[in-house]
Amino acid sequence: MKDELLRLENVGKDFNGNQVLKDVSFTLEEGKILGLVGENGAGKSTLMNILFGMNVIAETGGYEGNIYLNGEKVEFDNPVEALNAGIGMVHQEFSLIPGFTVAENVLLNMEITKSSVISKILGKRLETVDLPKIRKSAASVIDTLGVQLGTDTLVSEVPVGYKQFIEIAREIRREKVKLIILDEPTAVLTESEAEILLKSMRRLADSGVSIIFISHRLREITSICDSIVVLRDGAVVVERPTKDVSVHQIAKWMVGRDVDKEENKAVKSFNTINKEDVIFETKNLWVDMPGEVVKDLSLKVYRGEILGIGGLAGQGKLGIPNGIMGLFEAGGEIYFENKPIPLNNTFEVLKNGLAFVSEDRRGVGLLLDEPIDWNIGFNAMQVHNRFIKSYLGGIIKWRDDKAMRKCAQDYIKALEIKCTGERQLARNLSGGNQQKVCLAKAFAMNPKLLFVSEPTRGIDVGAKELVLDALRKYNKENGTTIVIVSSELEELRSISDRVVVVCEGKVFGILPPDADATDFGLLMSGECQINEEGEKVWLR
Ligand SMILES: Nc1ncnc2c1ncn2[C@@H]1O[C@H](COP(=O)(O)OP(=O)(O)OP(=O)(O)O)[C@@H](O)[C@H]1O
């Protein structure tokens, strides 16, 4: 038996009286991988924040219970102390500096998290440091992970799927690292990229480093973890070896009921598409989004359909809605209901009845320091005058806070957003619940055309179908046309009427959702294109 590295005893945490962790106890041996799973809001990130000494814990009154590392009681007041004790953490959100190269980012000191400070320190380091040595050292760590990544590439030019590898490389190059916490590292990766990451995690564990791995993709948990800890409502409901545990069983432990039945709820009833009724069209669209460049893309969206957009990471699928919505520089032409709409003008696009749920929920999706009801209602109020009461023929206008609250309460119920109420700040919600607020915010705009990007990223297994069902329902009941971008092909096939595959920034083909999986693979990998006559044109 290996030596015990980590022991948690009766760890508890409350935020202003809201108990989010209760009596959490478990152990982890050296060189082993522990899978930490639980529904959105179960307390996984909070637990890891305690372990890593994140400031938010001390600022909110600390925690209860004891943590032992190599048998010694530890209590980290800040991440620097955790790092010095040999713990590394890769967060859900990236902390890389876009203007620096891959090598420079790998060689950064993890303890410094503010970019301005990092830039200063790194500037100094570079004066005295041997650059070829930095590159070599970074290249060797990246090599350990088994990925192809040029060390001189600027991080801003690295596709999002590869950024995770840079974060991890940065963690493992530190000497003395004993434990790495990976909070949903595969959420932004395609299946093949995730596969590479899982393999490198195994290699890392075999070299003696212990890993705590948080993922909503339960298949990853069963395939790689030695043991599993299931959190439900802040308490450990199961701690056991992963051997012989099925994905179905884990899902059941997580939600405390059988989720299989809910998966079956995903009834496919596709829309009949009228190809004469084009609601939206792009002509020769290009988008300059780093790592997701779109080139010369012409595409028609039919009224009432759910159109899926798939493709490998970095091939441009994310660039499409981001460019259309004016978040990254774009050119070419776009038409909504046969009327040209100016590009690079978000307000104008929203005004015309389009809405967007971004994949970057913290960056562009939410007003983090505002409560849930404001987040849900704000855009609808600004753009469409919703929640505004007019008196005296519009001379006096009043914000209708009551209506806004009521609307938020309805969405909290419909989307099962886990929160203390509609006045809770968005910042204090768990990642998956923030994602649900982003959806509610778009729904509240009553759009005619809704773009959603990676809608179930970071959403737990029980809530995934809920989110997809909410989109289906919205499409059916309101007749809203939906364009959904996702890295999960199966998700696209379960919801879309047609699936567009994007490769090298262009449309490589449009397939029905029930087309052969091999055909999707061929288009995604750029082996062939499908022309307007529906024939395959081989490219390699
Ligand atoms: N700073 C904070 N202030 C108040 N409440 C918070 C704070 N941080 C987290 N919470 C609450 O703690 C609970 C647990 O959140 P946590 O982020 O740990 O969940 P999680 O299991 O990581 O979820 P997800 O899978 O969605 O990322 C949530 O109900 C959240 O609202």
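**Close-up views of the predicted model**

**View 1. Surroundings of Ala-442 in this predicted model.** Ala-442 touches Ala-355, Phe-356 and Val-357. Its other contacts are Pro-447 and Leu-450, leaving aside residues up to four places away in sequence.

**View 2. The largest nonpolar core.** This core holds 76 residues. Ala-442 is among those with the most contacts inside it, together with Tyr-411, Val-437, Leu-439 and Val-501. Helix 17 (residues 431-443) gives the largest share, six residues. Domain 3 (260-353 + 447-540) and domain 4 (364-445) each contribute at least three residues. A second, separate core has 57 residues, including Leu-8, Met-54, Ile-221 and Val-245.

**View 3. Contact between domain 3 and domain 4.** The centres of the two domains, taken over C-alpha atoms, are 26 Å apart. Domain 3 brings 14 residues to the contact, and domain 4 brings 14 residues. On the domain 3 side, helix 13 (346-351) and helix 18 (461-478) each supply at least two residues. Helix 18 has the largest share of that side, with five residues. By class, the domain 3 side counts 11 nonpolar, one polar and two charged residues.

**View 4. The shell around the ligand.** The ligand has 21 residues around it. Asn-40, Ser-45, Thr-46, Ser-430 and Gly-432 come nearest. Helix 1 (44-51) and helix 17 are the elements that give two or more residues to this shell. Its residues divide into 13 polar, five nonpolar and three charged. Domain 1 (4-86 + 176-258) and domain 4 (364-445) each provide at least three of the shell residues.

Technical notes: Residues numbered from 1 in each chain as written. Predicted model: local features only at pLDDT ≥ 70, side-chain atom pairs only at ≥ 80, totals over all residues. Core = buried A, V, L, I, M, F, W, Y, C linked by C-beta atoms within 7 Å. Buried ≥ 20, exposed ≤ 12 C-beta atoms within 10 Å, placed from the backbone. Helix = DSSP H or I, 4+ residues; strand = E, 2+ residues; numbered from the N terminus. Domains from an automatic or database assignment. Contact = placed C-beta atoms within 7 Å. Near = placed C-beta within 6 Å. Nonpolar A, V, L, I, M, F, W, Y, C, P; charged D, E, K, R; others polar.
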